[in-house]
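Biologist: I'm new to reading structures, so could you walk me through a close look at one part of this one? Please start from a single side chain and work outwards.

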Amino acid sequence: MPTVRVNGLDVYFEERGRGPRLLFFNGSGATLARTRPMLDPFTERFDTVAHDQRGLGQTGIPPGPYRMADYAGDAAALLDHLGWDRCRVIGVSFGGMVAQEFAVTWPERVTRLALCCTSPGGAGGASYPLQRLADLHGAEYAAALATLLDTRFTPPWLATHREDAAFVEMLATRPGRPTADEARRGEDEQLRARSGHDVCDRLPVIACPTLVASGRYDGIAPPANGEAIASRVPDATFRVYEGGHMFFIQDRAAMPDLLEFLAADTG
């Protein structure tokens, strides 16, 4: 099992693929066990490293509270273990927050940066506080989350869009919160750290080409938040895609754009 001891905890990670080095940051509550298919397009073109972030999956659950700097520090220590001085970086949702924290702390280690459906915090805007949904389940959870994932997903819309309605129905069948107290604590610690995210004033130190991508109908990280990031990063491009918080699945142009951007020559 690929586990490394860093910063006082055991971090589970996976390295797959060949090509330029890429560090991938996952979203809130996401583990490698659940998101491997999302990583597949990247592993086809990059030497991709991803890990279960502290408190989640097969990584340890240290005492809290956790800070965003802790999540970024875990990734930096993992790269040290791998012997990676510099690499490309992509972060999705909460992972985009960690990627920002990583890039403003170690700008010299990031050669290209892609930030998807995420927020800078502070004056640039925060993402929706997901802790409000933490104890919901079934149809109640699906109804609350639907219009956050995509603001079009109202009952009238879903009545005439079968694929979207099927997706919302699938949300209602998601596994519930972990039953083990420690696993629940790990998720709660992540949500608390997320609520304190604010890199807004530090974004100008990011020194690499950056792509900020938002979904037009994202109710968790609205496009205005992505635009705020791009306006503060010196070499940033901002793109809006036709979809919500999962625009990279909804808009067929999104994934090719991300791959092409990350694969471009770093100079």
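What is the relative accessible area of F42, and is this residue buried or exposed?

Modeller: F42 is buried, with a relative accessible area of just 2%. Here buried means under 20%, exposed over 50% and partly exposed in between, with a 1.4 Å probe and protein chains only. Before we go on, this is a predicted model, where local features need pLDDT of at least 70, side-chain atom pairs count only at pLDDT 80 or more, and totals for chains, interfaces and linings use all residues. Residues are numbered from 1 along each chain as its sequence is written, and side-chain values use heavy atoms, with hydrogens and water left out.

Now, who sits with F42? The structure holds 7 aromatic pairs (Phe, Tyr or Trp rings, the six-membered one for Trp, with centres within 6.5 Å; planes under 30 degrees apart are stacked, over 60 edge-to-face, the rest tilted). One of them joins F42 to F24, a tilted pair with 5.8 Å from centre to centre and 55° between the planes. F24 belongs to strand β3 (residues 21–25) and F42 to helix α1, so this pair ties together parts that are 18 residues apart in sequence. Helices (H or I, at least four residues) and strands (E, at least two) are DSSP runs, numbered from the N terminus. Like its partner, F24 is buried, at a relative accessible area of 1%. Another tilted pair is F102 with W106, whose ring centres are 5.4 Å apart and whose planes meet at 50°. F102 is buried, with a relative accessible area of 0%, while W106 is partly exposed at 23%. Those two rings also join F25 in one aromatic cluster.

Let's follow helix α1 (32–43) onwards, into the loop that leads to β4 (47–51). R45 forms a salt bridge with E260, and their closest N and O atoms are 2.8 Å apart. E260 is in helix α10 (residues 254–263) and R45 is in that loop, so the pair ties together parts that are 215 residues apart in sequence. Both ends are partly exposed: E260 comes out at 48% relative accessibility, and R45 has a relative accessible area of 32%. In general, side chains of opposite charge can pair when their charged atoms come close. The rule used here asks for a side-chain nitrogen of Lys or Arg within 4 Å of a carboxyl oxygen of Asp or Glu, and by that rule the count comes to 13 salt bridges. Among them is D150 with R152, also with 2.8 Å between the closest N and O atoms. D150 is buried at 0% relative accessibility, whereas R152 is partly exposed at 22%.

A further salt bridge takes us to the start of the chain. D10 pairs with R5, with the closest N and O atoms 3.4 Å apart. D10 is partly exposed, with a relative accessible area of 35%, and R5 counts as exposed at 56%. R5 is part of strand β1 (residues 3–6), where the side chains alternate: V4 and V6 point to one face and are buried, but T3 and R5 point to the other and are not. β1 pairs with strand β2 (residues 9–16) in the antiparallel sense over 4 bridges, given that two strands pair if DSSP finds at least two bridges between them. In β2, V11 is the bridge partner of V4. The two strands make a hairpin with 2 residues between them.

That turn holds a backbone oddity. Most residues other than glycine have a negative phi, and most peptide bonds are trans. N7, in the loop between β1 and β2, has a positive phi of about 50° although it is not a glycine. N7 is partly exposed, with a relative accessible area of 48%. C117 has a positive phi too, near 40°. C117 lies in the loop between β6 (110–116) and α4 (138–149), and this residue is buried, with a relative accessible area of 1%. As for the peptide bonds, the one from G64 to P65 is cis, with omega near 0°. P65 is found in the loop between β4 and α2 (68–82).

One residue links up with that spot. E189, in helix α7 (residues 181–195), touches G64, P65, Y66 and Y71, not counting residues up to four places away in sequence (contact means heavy atoms within 4.5 Å). E189 is buried, with a relative accessible area of 7%.
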